[in-house]
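Visitor: I would like to learn how to read a model like this one, feature by feature. Where should we begin?

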Amino acid sequence: MVKIQEMKSMGSEENSVRSSSTAVALQSEISGDLEEVYHDSLISFQTTPHCKAITKNNLLVAQREELRRVMEFLVLNEHQARVLLIHHCWDIDKLLKTLVEKGKETLFSEAGIFIVGPRNLSSTAPSATIACNICTEDCSFNEVTMMDCGHNFCNKCWTEHFIIKINEGQSRRIRCMAHGCDTICDEAIVRKLVSAKDIDLAERFEKFLLESYIEDNKKVKWCPSVPHCGNAIRVGHDEYCEVECLCGLQFCFCCSLEVHSPCSCVMWKLWTQKCHESKTVNWISSNTVPCPKCHRAIVRDGGCNLMRCICGQAFCWACGVATGVTHTWYNIDGHVCVGRDKINSHVMKDLRRYMHHYDQYIAHKRSYTLEVGLEEALRMKVLVLERKASGRQEFSWAINGLRRLLVSRRFLAYLYPFAYYMFGDSLFKNEMTNAEKALKQKKMEIQQRGLQINVDNLSNFIQAPFHTYSTEKLIYTRMKVIKLSEIIDAQCRQMHQSIESDLLGSLEMEIHNIAPYNSNGVERALELSLWDSVTTDSTPPLNITLDDSDSYKERSENALASRQVEVQNHQRQPPPVALGKKQISSKRLLKKLLTIPSSISTCILGKEKK
C-alpha cells in the first residue's frame, strides 16, 4: 500500500509537473499571441502605410478622415479641427504634443480658435439697427454677422474682407477684422457670404481649403511630373525617402528632384547646377587662363602675353605664372615662360577633378539607360526557356538579376557626384584633415571599384544569350547571377551604411540626410483607398488623460497599457490585421483557451488571479 501510494503520489507529482510545464508553455504561447494581437491592434492607430498615392478622387476622403480624428478626440466641429490641423501642418502627433505640454486653452488660442457657448444677436430686437465699426453705417439685424470671438460687422464689410484675403492667397487662415484679434473666421460664414457675391471665388476658396491637406502637410507632396498627373504622395514618418508615383515618375520626396541617393539633396542641387554649366565650363577651360591670385577666368582678345587682372595681379598668358609689369612685346622682365602645360592652378585642378567624376557619372547613366531596355529581350529569353523546359522550372532569377542590376547601376552612378563633393573643398573643407580625407577616400574607392566589377559581370551575364546554352552552362549562369545579385546587394548596403555613419554621420558643421537603402529599389506608391482610410487613418488618436503632473511619455504608456489589458480580458475583438503573411485574431486565442485541459486552465487562471 505504501508503494502504491508512493507511486500514486509520484505520478500525481509528475502529472502536476507536466501540467505546470504544459501550462507555462501554453501560457507563454498565448501571451506571445496576445502580444501579437496587441501589437497588430496598435498598428491601426499608431502607423500609416509608408507610401500612398492620393488622387483627385480620394483627396477629400483623406482630408476628411484626418479631420474626423481630431473632431472626435477634441469634440470640435469641422472648421475648428481644420484650423488646428493647418496650424500644426496636419501633424496630429505635433498637435497632441502641444495639447499635453501646454493644455487645451493654449492649443486653441495659438491656432486662432475661440470656443464659447452659442453666440448670436438674438438679444437685440429685430427691428433695431446695429452700427458697423468698419463702415460706420447702421445695419439691420439680418445684415450683421458675429464670429466666435464675439466681434460683429456688417455682411458687406465681411464679404469684402473675405474677397481680399482669398485673392491674396490667405484662404486657409482668414483672421477676424477686429484690431488685435487672431481668431480664424468660420469657413461656413466665409463660404456663405462669398458665394452670394462671386460663386467662382467661393469655389476657389473651397479648392484652397481642400489642397491645404497637401500644401501645408510635410508628409504629403504633389508629384512633380510635367505635365502634372494630379496625384500627391503621402509617406510615413521619414521624409528623406525616394518614391514612385502611379504615373511612373520616381523622385526624392524631400527635394522633389529625381532620385539621387546616396547624394544628399544639397549635393544633388549643386551637382545639377554644375552639370548645366558644364558646356560653359568647357569653353572657359579652353579659352581662358585663371588669375594666379584671385582665380578669375581671364580671356585675351589680342595684344602681348602680359595680362593684368582687375585685382591688380600681372601674369603671363602663355603659362599663367605671376610676373612683374615691365615687359616688351616678346618678353617679360625676370620671367622665363614654361608653357601652358606647366600650369598648376587651383581652378584647373578642380576642373580636371570635376570632368573625371562627370565622365564616370555619365557613363554609368548611359549604361543604366541601355540596361533598362534589356527587360523586353530578357522576357523573350525566359519565354523560350519555359517552352524548352521539360519539367517545372522557374526562371525568375533572370528578372530578379536585371532588377538588382538596375538598382546597383544607379547607386553606382550617384556615387560619383557624392564623392566629388564629399572629398572636395566646396562643402566640407574644414570637416576633415587631409590625412583623414585621403584615408576615407581611398577606402571608398576600393569599395566602389569592387562594386563596379561585380555590376559589370552581372550585366554581362544578363546580356548573354543564355537561352541557347546547354543545361550545364545554364545552371552555371543561374548560380552566377543569383550569387552576384546577393554580393552586389550586400556591397551596396555596406557602402550606404558607411556613407551614412562614417562620412555624413561624422559631420559637425552641416547635416546631410540621405534616403535609406532599399534592396528592391524605389518604393512604388499604392493608391489610397477608402478601406485604407477606414482601417488605418480613420482611427482616432489615443484617448490620453490630460494631467499636468504626468509626462507625455507616461501618459502614452498608461494609455497603451490600458489597451493591452482590454485585449487580454477579451473585451474587444478587433478584425484580423495582416502582419506580413500572418493574420491573427482574438477568436484564435479563445479557441486555444478552450482546448486547454481544465487542470491547466485552472493553473493559469489561478496565476492570473494572484
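**Reading the backbone, the sheet and the spaces**

Guide: Pro227 sits in the loop that connects E6 and E7. This is a predicted model, and the peptide bond between Val226 and Pro227 is cis in it, with omega about -5°.

Visitor: Which other peptide bond is cis, and where is its proline placed?

Guide: Ser261 and Pro262 are joined by a cis bond with omega near 15°. Pro262 belongs to the loop between strand E9 (250–252) and helix H9 (265–276).

Visitor: Why are such bonds pointed out, along with positive phi values?

Guide: They are pointed out because most peptide bonds are trans and most residues other than glycine have a negative phi. In this model, Val75 is not a glycine, yet its phi is positive, about 55°. Val75 is found in the loop between helix H2 (59–74) and H3.

Visitor: What is the strand order in the sheet that holds E6 and E7?

Guide: The order is E6-E7-E1-E15, an open sheet of four strands with mixed pairing. Strand E6 (220–222) and strand E15 (526–527) are the edges; each has a single partner strand, so one side of each has no neighbour in the sheet.

Visitor: In which sense do E1 and E15 pair?

Guide: Strand E1 (residues 51–54) pairs with E15 in the parallel sense, over two bridges. Lys52 has Leu526 of E15 as its bridge partner.

Visitor: Which strands does H8 lie across?

Guide: H8 lies across E1, E6 and strand E7 (232–235), and it runs at about 110° to E6.

Visitor: Now the enclosed spaces. How many cavities of 30 Å³ or more does a search of the whole structure find?

Guide: The search finds four. The largest cavity has a volume of about 80 Å³, and 14 residues line it. Ser171, Arg172, Ile184, Cys185 and Glu187 are the lining residues nearest its centre.

Visitor: Which helices supply at least two residues each to the lining of the largest cavity?

Guide: Helix H3 (78–87), helix H7 (187–197) and helix H8 (199–215) each do. H3 has the largest share, four residues. By class, the lining of the largest cavity has eight nonpolar, two polar and four charged residues.

Visitor: What is the volume of the second largest cavity, and which residues lie nearest its centre?

Guide: Its volume is about 60 Å³. Of its 13 lining residues, Cys252, His260, Cys265, Ile514 and Ala515 lie nearest the centre. The lining of the second largest cavity divides into eight nonpolar, four polar and one charged.

Visitor: Turning to open spaces, how much space lies in the largest pocket?

Guide: The largest pocket holds about 590 Å³ of space. It is lined by 21 residues, and Asn400, Arg403, Arg404, Val407 and Asn520 are the closest to its centre. Helix H12 (374–388), helix H13 (396–422) and helix H15 (471–503) each supply at least two lining residues, and H13 gives the most, with ten. Nine of the residues lining the largest pocket are nonpolar, seven polar and five charged.

Visitor: What should a reader keep in mind about coordinates where pLDDT is low?

Guide: Predicted coordinates should not be read in detail where pLDDT is low. The protein chain here averages a pLDDT of 77, and 73% of the residues score at least 70. Residues 533–553 have pLDDT below 50, and this stretch makes 47 contacts in the model beyond near neighbours in sequence. Residues 566–610 also have pLDDT below 50, with 57 contacts beyond near neighbours in sequence.

Definitions and conventions
Residues numbered from 1 in each chain as written. Predicted model: local features only at pLDDT ≥ 70, side-chain atom pairs only at ≥ 80, totals over all residues. Heavy atoms only, no water. 1 Å grid on protein atoms, 1.4 Å probe; cavity = no way out; pocket = protein on both sides within 12 Å on 5 of 7 lines; lining within 4 Å. Points joined across faces, edges and corners; volume = space filled by probe spheres on them. Nonpolar A, V, L, I, M, F, W, Y, C, P; charged D, E, K, R; others polar. Pairing = 2+ DSSP bridges. Contact = heavy atoms within 4.5 Å. Axes fitted to C-alpha atoms, helices over the stretch in contact; angles between N-to-C directions. pLDDT = per-residue confidence, 0-100.
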